[in-house]
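The following exercises concern one protein chain and its folded form. Please work through each task before reading its solution.

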Amino acid sequence: DDDLDAGLDLYGAGDSPPASPTHKAGDHGSWKVLETRPLTKFEETALEKAKERHKSSIAQPKAMMGRTFGGDAFMSTPAVVEFRDFDVGQTYSHKVAVINRSYEKNTYRVVGIPPEYGNVLEVQYKLPGYLATGVGGELTLSFTPKANEDIETHVELLAETGPF
């Protein structure tokens, strides 16, 4: 094995792996930056149409018996979750009920937590599938504080009728 490895230079000219580049704003380190050409007028319009199709497929208004539902399709109870008198390093959990209040079946999914709070907040839930009107699912919001400071943020949820 050592005789076979001795003839191979896996890292290029040196005998050690390259140092990982440090990334700063505007600095690309040792990574190659590809040049791109400007988009043609046709490509720009095609890109805009694709963006519009994508937006329209994400959130569509639902109508039932001639009535179109307006507002948030789901209601969360409680609407605001506060963690008070917490100790750093401990994990605290709170359950949140999410109830469908639109005119017909609907579903939701968690889109995400803002990245700056991803290390202190976690959302756990079972993908609910379609929920009838008045039926709900449950989320568990876990909070593990890393420092003794106040945080104000939100959890992004997306239903078929739009974000809420």
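The exercises proceed from the whole chain to its sheets, and then to single residues.

This is a predicted model, in which local features need pLDDT of at least 70 and side-chain atom pairs count only at pLDDT 80 or more, while totals for chains, interfaces and linings use all residues. Residues are numbered from 1 along each chain as its sequence is written, and side-chain values use heavy atoms, with hydrogens and water left out.

**Exercise 1. Confidence**

Determine where in the protein confidence is lowest and where it is highest.

Solution. Step 1: pLDDT is the predictor's confidence in each residue, from 0 to 100. The protein averages 77 on this scale, and 70% of the residues score at least 70.
Step 2: the lowest confidence falls in helix H1 (residues 2-6), with a mean of 47, and the highest in E4, at 91.
Step 3: over residues 1-15 pLDDT stays under 50. For that stretch the model has four contacts beyond four places in sequence, a contact being heavy atoms within 4.5 Å.

**Exercise 2. Overall composition**

State the secondary structure elements of the protein and their sequence order, then describe burial and surface.

Solution. Step 1: helices (H or I, at least four residues) and strands (E, at least two) are DSSP runs, numbered from the N terminus. The protein has two helices and nine strands, and both helices precede the strands in the order α-α-β-β-β-β-β-β-β-β-β.
Step 2: of the 164 residues, 19% are buried; buried means under 20% relative accessible area, exposed over 50%, and partly exposed in between (1.4 Å probe, protein chains only).
Step 3: the accessible surface is about 12700 Å², and carbon and sulfur atoms contribute 54% of it. These areas come from the Shrake-Rupley method with a 1.4 Å probe.
Step 4: among contacts with a separation of 6 or more, 67% are between residues 24 or more positions apart.

**Exercise 3. The four-stranded sheet**

Derive the strand order of the open sheet that contains E4, and identify its edges.

Solution. Step 1: two strands pair if DSSP finds at least two bridges between them. E3 and E4 are antiparallel over four bridges, eight bridges join the antiparallel E4 and E7, and five join E6 to E7, also antiparallel.
Step 2: the resulting order is E3-E4-E7-E6. Strand E3 (74-77) and strand E6 (121-125) each have a single partner strand, so one side of each lacks a neighbour in the sheet. From one strand to the next the twist averages 25 degrees.
Step 3: the register can be read from facing residues. Phenylalanine 74 stands opposite asparagine 100 in E4, tyrosine 92 opposite phenylalanine 143 in E7, and tyrosine 125 opposite leucine 139 in E7.
Step 4: strand E7 (residues 136-143) is mostly covered, with six of its eight residues buried.

**Exercise 4. The three-stranded sheet**

Identify the strands at the edges of the sheet formed by E5, E8 and E9.

Solution. Step 1: this open sheet has the order E5-E8-E9, with antiparallel pairing.
Step 2: strand E5 (108-112) and strand E9 (162-163) are the edges; each has a single partner strand, so one side of each is without a neighbour in the sheet.
Step 3: two bridges join strand E8 (residues 156-159) to E9, and the bridge partner of alanine 159 in E9 is glycine 162.

**Exercise 5. Asparagine 100**

Is asparagine 100 buried or exposed, and which backbone oxygens lie by its side chain?

Solution. Step 1: asparagine 100 belongs to strand E4 (residues 92-100). Its relative accessible area is 1%, so this residue is buried.
Step 2: polar atoms of its side chain lie 3.2 Å from the backbone oxygen of glutamate 104 and 2.8 Å from the backbone oxygen of leucine 131.
Step 3: leaving out residues up to four places away in sequence, asparagine 100 touches several residues, including Ala73, Phe74, Lys105, Leu131 and Val135.

**Exercise 6. Backbone geometry between E3 and E4**

Which peptide bond is cis, and what is the phi of aspartate 85?

Solution. Step 1: most residues other than glycine have a negative phi, and most peptide bonds are trans.
Step 2: the bond joining threonine 77 and proline 78 is cis, with omega about -5 degrees. Proline 78 is in the loop between E3 and E4.
Step 3: aspartate 85 is in the loop between E3 and E4. Its phi is near 50 degrees, a positive value in a residue other than glycine. At 77% relative accessibility, aspartate 85 is exposed.

Note on methods. A polar contact is a pair of N or O atoms within 3.5 Å; within protein, one must be able to donate a hydrogen and the other to accept it, and residues adjacent in sequence count only if both atoms are side-chain atoms. Axes are lines fitted to C-alpha atoms, for helices over the stretch in contact, and angles run from 0 to 180 degrees between N-to-C directions.
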